[in-house]
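The following exercises are to be worked with the sequence and the structure in view. Each task is followed by a solution in steps.

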Amino acid sequence: MSTDYQYVPEPKLVKGDHTFGSITDLIAKTPLSPTPKLWYLAFGLANILLIVLLGAIGYLIWDGTGIWGLNNPAGWGWAIINFVWWVGIGHAGTLISAILFLFRQGWRTAINRFAEAMTIFAVMCAGIFPAIHVGRIWVIYWVFPIPNQMAAWPNFSSPLLWDVFAVSTYFTVSLLFWYVGLIPDLATLRDKAKSKVAKISYGIAALGWTGSFRNWWNYEKAYMILAGLATPLVLSVHTIVSFDFAVSVIPGWHSTIFPPYFVAGAIYSGFAMVLTLMLIARKIYGLEDIMNIDIMEKMNLVMMITGNLVAFAYLMEGFVAWYSGYIYEQGIFWLYVVGPYAWGFWILMFCNVVTPQFLWFKNIRRNVAITFVISIIVNIGMWFERFMISVASLSTDFMPSAWDYYSPSFWDIATYIGTFGLFFTFFLLFLRFLPMVAIAEVKGVMPQADPHNYDGETNEFDPSKTEPVVVQQEQTV
Amino acid sequence: MAQIFPKWADEVPRQLLLGLIIFATAAVAGVWYYFSPEYTDVGYAPEQPVPFSHQMHAGQLDFDCQYCHTNVFESKHANVPATETCMNCHNQVMTDSPRLEKVRESWETGEAVEWIRVHNLPDYAYFNHAAHVNVGVGCESCHGRVDRMEVVQQVEPLSMSWCLDCHRNPEQQVRPVEEVTTMGYEIVNQIEKGQELVSENNINPPTDCQSCHY
């Protein structure tokens, strides 16, 4: 019996007949051309939502957290749900830019800038909630270990304090990582810009980047170190967020599976959000050659894997509840399934367990419309996951006399919707003024960047050399 | 390609860094000093409705503090004397002084004199006078040389760290209980004597939350 083995050639990362120049023109044209009307419309809508957010926060600070639908058993409601949801969304950005960088995945270049921007704005939205959900926002600086005239320090054994450090570090490192990546591209924009203002602004932001060998050498090292630092960071940040729950004694919260399960969920929802945004942006800005179907398929695969990890965690929660022989653990799981929030549980099961199973099919993974729908369903599902964890576990715990049903008030909803205003305000500014694809990095994964693709005699780029070499092996067993 | 930035732009990063360091240092030092009770509260000396002089009564006439502030050894609150206490003397002394007009008015109408409180702790800090003076914390330690004050002013910050400094090292302040109201009490071997008094009187100042904040 003999079999032919052959290497499966990797699909080209950048479709179409692009040269270095055409890639630069394609990406740099958006920040450097006049603002389109549609952008103003979108920006206006985002601004309205932002005003809703500011209004909701203002009224909250004026009137107190009682304007929310919280009750005594459920002291954590939408604010914490949304916090975890937004932080989770932010995690895909770092995963794409850092972890995939460490794994040398060339396809990340199409989406990393986009995803990092999303991280930063999602973390901004997330960071609002821990700040505003406290009853007395004006003394929130007490969470920082600053020497003061009270001789008082924060208690370092609370995961909520770790949250402060985790989220602020995460935001800072993400911002730095994003900015370091932007520098060569800002230099490109500086050099392409026609107007004086644009030249000077991009010039200041580019910090005098010349693209010399030494520039690039240091840049690559810095980028590598940041990627290496951001990877444990991204895992630990969402772990710490999960500790907010897992460290407590509440049945349904006190669970050792939470850290990896939250991280998997974060990647799952984060990739879904990147897909949602990317599928719109590639259409509007004509970036189909870069953010192409192959890349969408790869993202769908990551989403499928993490979706199944999350599904496994749900299964484990049920199993461990049964296996524990612990009546409260069993009770809370039973209440998830048939209790007052069972509707949330079944929405969650549908969105997070059933939906990713469609991604086993190649033609669905490669279908833009279905992927778009799935990506939105996943984010709804992940919101419900946090809803079930926060609210359902709290509403019905040890003492039946302390059971109550939680429902959000108008202000809970307004605050949540408002955070989309904040997110999209910044995201649209990013789309408008910064290159949404890492120009330098995309060029690095194009066939033209590979020195092997040049003719030895003439030193000219030779496209025929970029064809994958098919190695055939004959094996006889 | 034309240069975008002039030559002096080379200096900008260095100057920015220097400026940032100076600014950050100034900001930290400024907040540290100007936002602390040592700056905001110490020296507070409002004008009282009656120009009462501690310097004259406690200093020149040498009243013991407890003649007027009678409850300090019994109560958690050190009382301000009632009009009756003033009138013990002033129904015969300086009966027509315009400075005492408000006191006589209070005596006649029964309305209290509206003294202005100088040492004001927030109401979530439950300070107890009796607990302190009965173990030998002198008036002077917290209120300064009141016998030299024409107008009472706050001399200590009354901040929480100020309280805790003493609760953690009481030997630096304690004196024999009979010396509590003495103004200008001073001995050379304070620490030694203080340690002795701390163990003798079984002084064990609390540093936990519920002692002051309940």
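Helix α2(A) is the largest contributor to the nonpolar patch, giving five residues. The model examined in these exercises is a predicted one.

**Exercise 1. The nonpolar patch**

Task: Determine which residues form the nonpolar patch on the surface and how much accessible area they have together.

Solution.
Step 1. The members are A:Leu38, A:Leu41, A:Leu45, A:Ile48, A:Val52, A:Ile280 and A:Ile284. Together they have about 660 Å² of accessible area.
Step 2. Two elements of chain A each give two or more residues to the patch, namely α2 (37–63) and α8 (258–284).
Step 3. A:Ile48 may serve as an example; this residue lies in helix α2 of chain A. Its relative accessibility is 51%, and the cut-off for exposed is over 50%. A:Ile48 therefore counts as exposed.

**Exercise 2. An acidic residue without a partner**

Task: State whether A:Asp163 is buried or exposed, and identify the nearest side chain of opposite charge.

Solution.
Step 1. A:Asp163 is placed in helix α5 of chain A, which comprises residues 159–192.
Step 2. The residue is buried, yet it has no salt bridge. The nearest side chain of opposite charge belongs to A:Arg386 and is 12 Å away.
Step 3. A salt bridge requires a nitrogen and an oxygen within 4 Å, so a side chain at 12 Å does not qualify.
Step 4. Leaving aside residues up to four places away in sequence, A:Asp163 touches A:Phe83, A:Ser168, A:Ile240, A:Val241 and A:Asp244.

**Exercise 3. Salt bridges**

Task: Establish how many salt bridges the structure holds over all chains, then describe the pairs A:Arg365 with A:Glu297, B:Glu140 with B:Arg175, and B:Asp147 with B:Arg145.

Solution.
Step 1. A general principle comes first: side chains of opposite charge can pair when their charged atoms come close.
Step 2. Over all chains there are 15 salt bridges.
Step 3. In the pair of A:Arg365 and A:Glu297, the closest N and O atoms are 3.1 Å apart. This pair links distant parts of the chain, with A:Arg365 in helix α12 (residues 362–365) and A:Glu297 in helix α9 (residues 293–324) of chain A, 68 residues apart.
Step 4. The cut-off for buried is under 20% relative accessible area. A:Arg365 has 10% and therefore counts as buried; A:Glu297 has 8% and is likewise buried.
Step 5. Both residues belong to a network of salt bridges that links A:Lys15, A:Asp294, A:Glu297, A:Lys362, A:Arg365 and A:Arg366.
Step 6. In chain B, the side chains of B:Glu140 and B:Arg175 meet in a salt bridge with an N to O distance of 3.2 Å. Distant parts of the chain are linked here too: B:Glu140 is in helix α8 (residues 139–143), whereas B:Arg175 is in the loop between α9 (160–168) and α10 (190–200), 35 residues apart. B:Glu140 is buried at 17% relative accessible area, and B:Arg175 is buried at 3%.
Step 7. B:Asp147 forms a salt bridge with B:Arg145, and the closest N and O atoms are 3.0 Å apart. B:Asp147 counts as buried at 12% relative accessibility, whereas B:Arg145 is partly exposed at 23%.

**Exercise 4. Positive phi angles**

Task: For A:Asn459 and B:Tyr214, give the phi angle, the place in the chain and the exposure.

Solution.
Step 1. A:Asn459 is not a glycine, although its phi is positive, at about 65 degrees. The residue is found in the loop between α15 (439–444) and β2 (472–476) of chain A. With a relative accessible area of 60%, A:Asn459 is exposed.
Step 2. B:Tyr214, also a residue other than glycine, has a positive phi near 50 degrees. This residue lies in the segment after α11 (209–213) of chain B. Its relative accessible area is 61%, so B:Tyr214 is exposed.

**Exercise 5. Annotated regions of chain B**

Task: Compile the helix content and the end distances for the regions of chain B that UniProt annotates as "transmembrane region" and "domain: Cytochrome c7-like".

Solution.
Step 1. The unreviewed UniProt entry places the "transmembrane region" at residues 16–35. This span is 95% helix and 0% strand, and its end C-alpha atoms lie 27 Å apart.
Step 2. According to the unreviewed UniProt entry, the "domain: Cytochrome c7-like" annotation covers residues 51–96 and 126–213. Residues 51–96 are 41% helix and 0% strand, with end C-alpha atoms 15 Å apart. Residues 126–213 are 40% helix and 0% strand, with end C-alpha atoms 6 Å apart.

Conventions:
Residues numbered from 1 in each chain as written. Chains lettered and ligands numbered in written order. Predicted model: local features only at pLDDT ≥ 70, side-chain atom pairs only at ≥ 80, totals over all residues. Heavy atoms only, no water. UniProt positions renumbered as here; feature names shortened; annotations may be inferred. Helix = DSSP H or I, 4+ residues; strand = E, 2+ residues; numbered from the N terminus. Buried < 20%, exposed > 50% of the residue type's maximum accessible area, 1.4 Å probe, protein only. Lys, Arg positive; Asp, Glu negative; His and termini not counted. Contact = heavy atoms within 4.5 Å. Patch = residues over 30% accessible without salt bridge, like charges linked within 9 Å, V, L, I, M, F, W, Y side chains within 5 Å. Areas by Shrake-Rupley, 256 points an atom, 1.4 Å probe, with all protein chains shown as cover.
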